[in-house]
Amino acid sequence: MGAKADVYRIVWRYEVRPECLSAFARAYGARGDWVELFRRDDAYLGTELFRSAGDPLAWATVDTWASRAAYEAFRRRWADDYAAIDARCEGLTTAERLLAAEERPER
């Protein structure tokens, strides 16, 4: 058995405004603005969106990339588009926090 490749995962936690739950799920979901932007890069491997079981306003995303270097290159290349989406989505939440960003072996 060979060694498994590392992947870079980024985990964000969001507190969503009650009146923005549907808009948030659309923007951050599988066909949302963020995923459409990320899909421009072959190093993007996917996004998972989670809603808290105990708090309907708490959500999390896990973005997976082939490597940290690939993600950073993507951010530089698409910085203006990233900033535009971030600005559009800012009003959907009351808080967002980066929980983790690290390279780990793919499971």
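Me: How are helices and strands picked out before a chain is described by them?

Reply: Helices and strands are DSSP runs, numbered from the N terminus, with at least four residues for a helix and at least two for a strand. The model here is a predicted one. Its chain holds four helices and four strands, and from the N terminus on the elements follow the pattern β-α-α-β-β-α-α-β.

Me: How compact is the chain for its length, by radius of gyration?

Reply: The radius of gyration is set against a globule rule that depends on the number of residues. For this chain of 107 residues the rule gives 13 Å and the radius of gyration is 14 Å, a close match, so the chain is as compact as a globular protein of that length. The C-alpha trace spans about 50 × 35 × 20 Å along its principal axes.

Me: In what order do the strands of the sheet lie?

Reply: Sheet order is read from pairing, and two strands pair if at least two bridges are found between them. Here the four strands form an open sheet in the order S2-S3-S1-S4, with antiparallel pairing. Strand S2 (44-51) and strand S4 (93-105) are the edge strands, each pairing on one side only. From one strand to the next the twist averages 15°.

Me: How many bridges join S1 and S4?

Reply: Strand S1 (residues 6-16) is antiparallel to S4, and the two are joined over eleven bridges. To find the pairing in the structure, start at Asp6, which stands opposite Pro105 in S4.

Me: Which strands does helix H3 lie across?

Reply: Helix H3 (residues 68-77) lies across S1, strand S3 (58-65) and S4. Its direction is at about 55° to S1.

Me: What share of the contacts join residues at least 24 apart?

Reply: Take the contacts in the chain between residues at least 6 apart in sequence: 72% of them join residues at least 24 apart.

Me: Is Ile85 buried or exposed?

Reply: A residue counts as buried under 20% relative accessible area. Ile85 has a relative accessible area of 6%, so it is buried. Ile85 sits in helix H4 (residues 79-89). Leaving aside residues up to four places away in sequence, Ile85 touches Asp33, Trp34 and Leu37. Leu37 is 48 residues from Ile85 along the chain, yet their C-alpha atoms are separated by 8.8 Å.

Me: What percentage of the residues in the chain is buried?

Reply: Buried residues make up 36% of the 107. As for the surface, the chain exposes about 6800 Å², and carbon and sulfur atoms supply 49% of that area.

Terms used:
Residues are numbered from 1 along each chain as its sequence is written. This is a predicted model: local features need pLDDT of at least 70, side-chain atom pairs count only at pLDDT 80 or more; totals for chains, interfaces and linings use all residues. Side-chain values use heavy atoms; hydrogens and water are left out. Axes are lines fitted to C-alpha atoms, for helices over the stretch in contact, and angles run from 0 to 180 degrees between N-to-C directions. Contact means heavy atoms within 4.5 Å. The radius of gyration is taken over C-alpha atoms; the globule rule is 2.2 Å times the number of residues to the power 0.38. Buried means under 20% relative accessible area, exposed over 50%, partly exposed in between (1.4 Å probe, protein chains only). Accessible areas come from the Shrake-Rupley method with a 1.4 Å probe; for residues, only the protein chains shown count as cover.
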